[in-house]
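Could you walk me through this protein, starting with one residue and then stepping back to the whole chain? I am new to reading structures, so please take it slowly.

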Amino acid sequence: MTQETYLTGITTTGTPHIGNYVGAIRPAVASSKDGSRKNFYFLADYHSLAKAEDPDRVHRSGLEVAATWLATGLDTGNAVFYRQSDIPEIMELTWILTSVTAKGLMNRAHSYKAQVQVNEDSGSKDPDKGIMMALYNYPILMAADILMFKSTKVPVGRDQKQHMEMTRDIAQRFNHRYGNILVIPDAEISDSTAVLSGLDGRKMSKSYDNTIPLFADEKRLRKLIMKIKTNSLEPGKPKETEGSTLYEIYRAFATDDEVKDIEKRYAEGIAWGEMKQLLFEYINEHIKPMREEYNRLLDDPAVVEQELKKGAQKAREISVPYLDEIRYAVGIRKLG
Ligand code: TRP
C-alpha cells in the first residue's frame with residue numbers, strides 16, 4: 001500500500017477554544033504521532049486575510065494557534081509543521097491553478113454565495129458589494145495548499161466538503177490539460193468529530209461568542225464554566241445527561257469510567273453548582289501542563305518562530321522541486 005499523505009490547514013483568525021481542541025486539535029495531534037503516514041500541518045495565514053482585517057489580530061492569532069499546536073503535543077519530528085506564507089511556491093501554484101479554474105465554479109462557492117445573499121437581503125443594488133477577491137479566490141488558494149504536497153487525505157469538517165470537491169475538480173482539469181502531474185486528494189469528512197456546545201448551549205463557535213478559550217487562565221476558566229447554561233432543576237432532583245452542556249464537556253475530557261460515575265451523579269440529582277465546580281477542577285487539572293507550556297511559548301515567540309522555520313525548510317524540500325516540475329509542464333521554462 002502506498003503511504004497516505006495527510007494535510008491539515010488551520011486559519012489563523014482567532015484564539016483556539018476547547019471546541020477546537022476536542023474537535024480538531026486533539027485528533028490531529030494524535031495523528032501527528034502516527035509514523036505510518038506523512039503528516040502536514042500548517043497555519044493558513046494568507047487565508048486569514050480573507051476574514052480578518054486587523055494586522056495585529058492576524059499576527060497574534062498566528063502565534064496563539066502555533067503555540068497551541070506545539071503545547072498540545074504536536075510531533076514536529078514526525079510531522080511537517082509550517083506557515084503557509086513561508087512557502088512562496090504555494091502562492092505561485094495558486095496563480096497557475098487560476099488558469100484552470102472556471103469562474104463559474106467559484107461563483108458557486110457557498111461562502112461567496114452567502115455574502116451575495118446578505119447583499120441581496122439588504123436590498124443592495126450591487127450583489128458583490130464589499131466582497132473581496134480574497135474571499136472569492138479562497139478555494140483556489142486552498143487547492144494549492146493541498147496539491148502542493150501531493151496530499152492524498154484531507155481530514156475536514158462538513159463545511160469544507162465543497163472546497164474539497166473544487167480542489168479535485170481543479171486538479172483534474174489541470175491534469176487533463178498538462179498530463180498526470182497533480183495528485184487527486186480525497187476528503188476525509190468527519191461527522192463524528194465531537195462538536196461541543198458553548199456557554200449558551202448552541203454549538204461552541206467564535207461567531208456566537210460563546211466559547212471557552214482552551215488556555216484561559218484559571219480564574220477566567222472558572223468564571224466561564226460557572227456561566228454555562230443549565231435548566232432550573234433543584235439540587236437533589238434527578239437530571240438528564242442528554243442536552244446538558246456541562247455533561248457534554250466533561251465527557252469530552254474524562255475517561256469512560258469517570259463518565260459513568262457522573263451519569264450516576266446526574267441520576268442522583270447532583271446540584272448544578274457542584275457539577276460546575278467539578279467540571280472546572282477536572283478541566284483545569286487536565287489543561288494545566290499544556291497551559292504552562294503555552295504561556296512559556298507566548299513569552300518566547302522566537303521558539304515558535306524557529307519551529308516554523310524548521311518546518312518551512314522541510315516543506316520547501318518538497319515544494320521547490322515540485323513547483324519546478326509544474327512550471328515546466330505549463331510552459332514556464334528556461335529559454336536556453
Ligand atoms: N479552509 C479551511 C478552514 O476554514 C482551512 C484551510 C486552508 C485548509 N487551507 C486548507 C484545510 C487546506 C485543509 C486543507 O477550516
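Does Thr 245 count as buried or exposed, going by its relative accessibility? Let's work it out together, keeping in mind that this is a predicted model. The relative accessibility of Thr 245 is 6%. A residue is called buried when its relative accessible area is under 20%, so Thr 245 counts as buried. You can find Thr 245 in helix H10, which covers residues 245-253. Leaving out residues up to four places away in sequence, Thr 245 touches Ser 197, Gly 198, Gly 201 and Ile 228.

Now let's step back and look at the whole chain. Its secondary structure comes to 13 helices and 5 strands. The radius of gyration is 22 Å, and the globule rule gives 20 Å for 336 residues; the two values are close, so the chain is as compact as a globular protein of that length. Along the principal axes, the C-alpha atoms fill a box of roughly 85 × 55 × 40 Å.

What about the inside and the outside? Of the 336 residues in the protein chain, 47% are buried. The accessible surface comes to about 17,500 Å², and carbon and sulfur atoms account for 50% of that surface. The chain also carries 46 positive and 48 negative charges, and the mean positions of these two groups are 3 Å apart. If you take the contacts in the chain with a separation of 6 or more, 78% of them are between residues 24 or more positions apart.

Next, please find helix H13, residues 301-330, where Val 304 has its place. With a relative accessible area of 3%, Val 304 is under the 20% cut-off and is therefore buried. Setting aside neighbours within four places in sequence, Val 304 is in contact with Leu 63, Ala 66, Ala 67, Leu 70 and Leu 297. For a sense of distance, try Val 304 and Glu 234: they are 70 residues apart along the chain, and their C-alpha atoms are separated by 48 Å.

Our following stop is a loop. Between helix H7 (133-148) and strand E4 (153-156) you will find Ser 151. Ser 151 has a relative accessible area of 0%, so this residue is buried. A polar atom of the Ser 151 side chain lies 2.7 Å from the backbone oxygen of Ile 146. Ile 146 also appears among the residues that Ser 151 touches, together with Thr 5, Leu 7, Val 183 and Pro 185, when residues up to four places away in sequence are not counted.

Stay in the loop between H7 and E4 for a moment, as Lys 150 has its place there too. How exposed is Lys 150, going by its relative accessible area? The value for Lys 150 is 36%, and partly exposed covers the range between 20% and 50%, so Lys 150 is partly exposed. The backbone of Lys 150 is worth a look as well: its phi is near 50 degrees, a positive value in a residue other than glycine.

Let's finish with Asp 209, in the loop between strand E5 (186-189) and helix H9 (218-227). Asp 209 is not a glycine, although its phi is positive, at about 55 degrees. The relative accessible area of Asp 209 is 69%, which is over 50%, so Asp 209 is exposed.

Note on methods
Residues numbered from 1 in each chain as written. Predicted model: local features only at pLDDT ≥ 70, side-chain atom pairs only at ≥ 80, totals over all residues. Heavy atoms only, no water. Helix = DSSP H or I, 4+ residues; strand = E, 2+ residues; numbered from the N terminus. Rg over C-alpha atoms; globule rule 2.2 N^0.38 Å. Buried < 20%, exposed > 50% of the residue type's maximum accessible area, 1.4 Å probe, protein only. Contact = heavy atoms within 4.5 Å. Areas by Shrake-Rupley, 256 points an atom, 1.4 Å probe, with all protein chains shown as cover. Lys, Arg positive; Asp, Glu negative; His and termini not counted. Charge placed at Lys NZ, Arg CZ, Asp CG, Glu CD. Polar contact = N/O pair within 3.5 Å; in protein donor to acceptor, adjacent residues only side chain to side chain.
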